[in-house]
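Me: I'd like a close look at one part of this model, with the charged side chains in mind. Please walk me through the residues involved and how they fit with their surroundings.

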Amino acid sequence: MRDLSLDLLKGVACILMLFAHTQLQIDLPSKVLTFLGSFAPILFFAVSGITAHFQARKYPVAGVVLTYAMIFLLGLSFAAIVAGNFWIAFEMDILQIIAVGVLVLYLVQRFFNPGPWFYLAAAILLFALKLATDVLPRETWWMGYLVNVVLEPGNFVIIPWLFPFFLGMFCYLTPNRYNLVVALAALFGLGLGWALGLPLGIDNRWDMTTGYFLFSLLLTSMAFYVARCLPGALVTRAFPWLLWLGAFSLLFLYVHIGVIWVIRQYTQGIWGTYWVWPLVGVASILLMWLLPRLFGALRVPRLMAGFPAWLVLLALILIAPLVLPAGAPLVLTQWVLGLVFSLYYASMTHALKGVVWPATSTPRVG
């Protein structure tokens, strides 16, 4: 059975994502919502990592590694929409860090099966490791292999952006009252830092600061606490649209980023006004409703049911930046390829997660 609290949290993360990617800064309310939107990846990653808890005893290692390797590579379609040609300058983006984060948690859960407090300690340790590595000089030749992937500068680098995955696992596995304890501890830490006049940098998501980390602890643990307190029947009745967004969060990720790109490129007088929120929201929901019907009429679901089609899709995603010019041709092509990926990825994961290596021989009967 689906855990409704997780779908609810992913739905909230989708709304925050809309605020984050539209970057509206026209007055205090819009700046506050944009600020809260900057924590969308924290909540999204925290919930995504819990997938590892369900997969650790169900699927073999080889199958899970292959699955998330494919998600890592297919997710380059999203990176191309946001940043352009990933062959020229590669950076970890949302789907790359999700693939790495879930795979790391899967391996930890499968081979060690630690308790929830291990995950909280690991989350804090990852941020502490970020602070320690900040002093390393970035000008050395070997550092060029680490920045944009493992260490900052970069978008969603492994250190520190693995921490929300561990934090989410803690919030899910621990008795719910401890989520409230962590939230209060984070709030105390923020208050103490403010009282001492420390430079918290609470809004600095790009070079993650102590203030951003503590506020992430506060928001994530409180979000899990509230979501886990709500009865399932109440969630179903009161928040069906959030549950729907959460269940199709990957599709929303692709749809809304493409809608934002189109509005930014081809409209006048809308970008930078309050109209952008309802326009992006309504257009995204309409597309999420229409696309399965359109692709179904084109028999795309039947095509993507076979694994060879996924290898073709991956090849198209990797080749597109090499043959298409930057701008609309590349972005719109990768958007369409990403929409196919986000709509039918379940058939790919179904084909891969059961893979066992080395393959076991089938006993002969009779």
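Reply: Let's come in by way of N113, which sits in the loop between α7 (94-111) and α8. Please keep in mind that this is a predicted model. N113 is not a glycine, yet its phi is positive, at about 45°. Its relative accessible area of 45% makes N113 partly exposed. A similar backbone feature turns up at Q23, where phi is near 50°, again a positive value in a residue other than glycine. Q23 belongs to the loop between α1 and α2 (28-37), and with 47% relative accessibility Q23 counts as partly exposed.

From N113 we move on into helix α8 (residues 116-133), which holds K130. What does K130 pair with? One partner is D134: the two side chains meet in a salt bridge, 2.8 Å from N to O. K130 is buried, with a relative accessible area of just 3%, whereas D134 is partly exposed at 34%. Another partner is D207, whose salt bridge with K130 has its closest N and O atoms 2.9 Å apart. That pair links distant parts of the chain, since K130 is in α8 while D207 is in the loop between α11 (176-195) and α12 (210-229), 77 residues apart. D207 has a relative accessible area of 37%, so D207 is partly exposed. Through shared partners, salt bridges join K130, D134, E152 and D207 into one network. As a general point, side chains of opposite charge can pair when their charged atoms come close.

E152 deserves its own paragraph. This residue lies in the loop between α8 and α9 (158-161), and its 5% relative accessibility makes E152 buried. Besides belonging to the network, the E152 side chain reaches the backbone nitrogen of M208 at 3.3 Å. Leaving out residues up to four places away in sequence, the residues that E152 touches include K130, D134 and D207 from the network, along with R138, W206 and M208. Also among its contacts are V147, V157, I159 and P160. The backbone is worth a look here too: the peptide bond from E152 to P153 is cis, with omega near 5°. P153, like E152, is in the loop between α8 and α9. There is a further cis bond from I159 to P160, with omega near 20°, and P160 is found in helix α9. Both I159 and P160 are in the contact list of E152, which ties this second cis bond to the surroundings of the network.

The α8-α9 loop also has an outward-facing side. W141 is placed in that loop and is exposed, with a relative accessible area of 68%. It joins V135, L136, W142 and Y145 in a nonpolar surface patch, with about 650 Å² of accessible area together.

How many salt bridges are there by this rule? The count comes to four. One that involves other residues pairs K10 with D7, where the closest N and O atoms are 3.9 Å apart. With the cut-off at 4 Å, such a pair still qualifies. Why can these two meet? K10 and D7 are three residues apart in helix α1 (residues 4-22), so about one helical turn separates them. In general, an α-helix has 3.6 residues a turn, so residues three or four places apart point the same way. Both residues are buried, K10 at 17% relative accessibility and D7 at 5%.

One more element rounds off the picture of what is covered. Helix α10 (residues 163-173) is largely enclosed by the rest of the structure, because 10 of its 11 residues are buried. Among those buried residues are F163, F165, F166 and F170, as well as P164, L167, M169 and Y172.

Notes: Residues are numbered from 1 along each chain as its sequence is written. This is a predicted model: local features need pLDDT of at least 70, side-chain atom pairs count only at pLDDT 80 or more; totals for chains, interfaces and linings use all residues. Side-chain values use heavy atoms; hydrogens and water are left out. Helices (H or I, at least four residues) and strands (E, at least two) are DSSP runs, numbered from the N terminus. Buried means under 20% relative accessible area, exposed over 50%, partly exposed in between (1.4 Å probe, protein chains only). A polar contact is a pair of N or O atoms within 3.5 Å; within protein, one must be able to donate a hydrogen and the other to accept it, and residues adjacent in sequence count only if both atoms are side-chain atoms. Contact means heavy atoms within 4.5 Å. Patches are made of residues with over 30% relative accessible area and no salt bridge: like charges are joined within 9 Å, nonpolar side chains (Val, Leu, Ile, Met, Phe, Trp, Tyr) within 5 Å. Accessible areas come from the Shrake-Rupley method with a 1.4 Å probe; for residues, only the protein chains shown count as cover.
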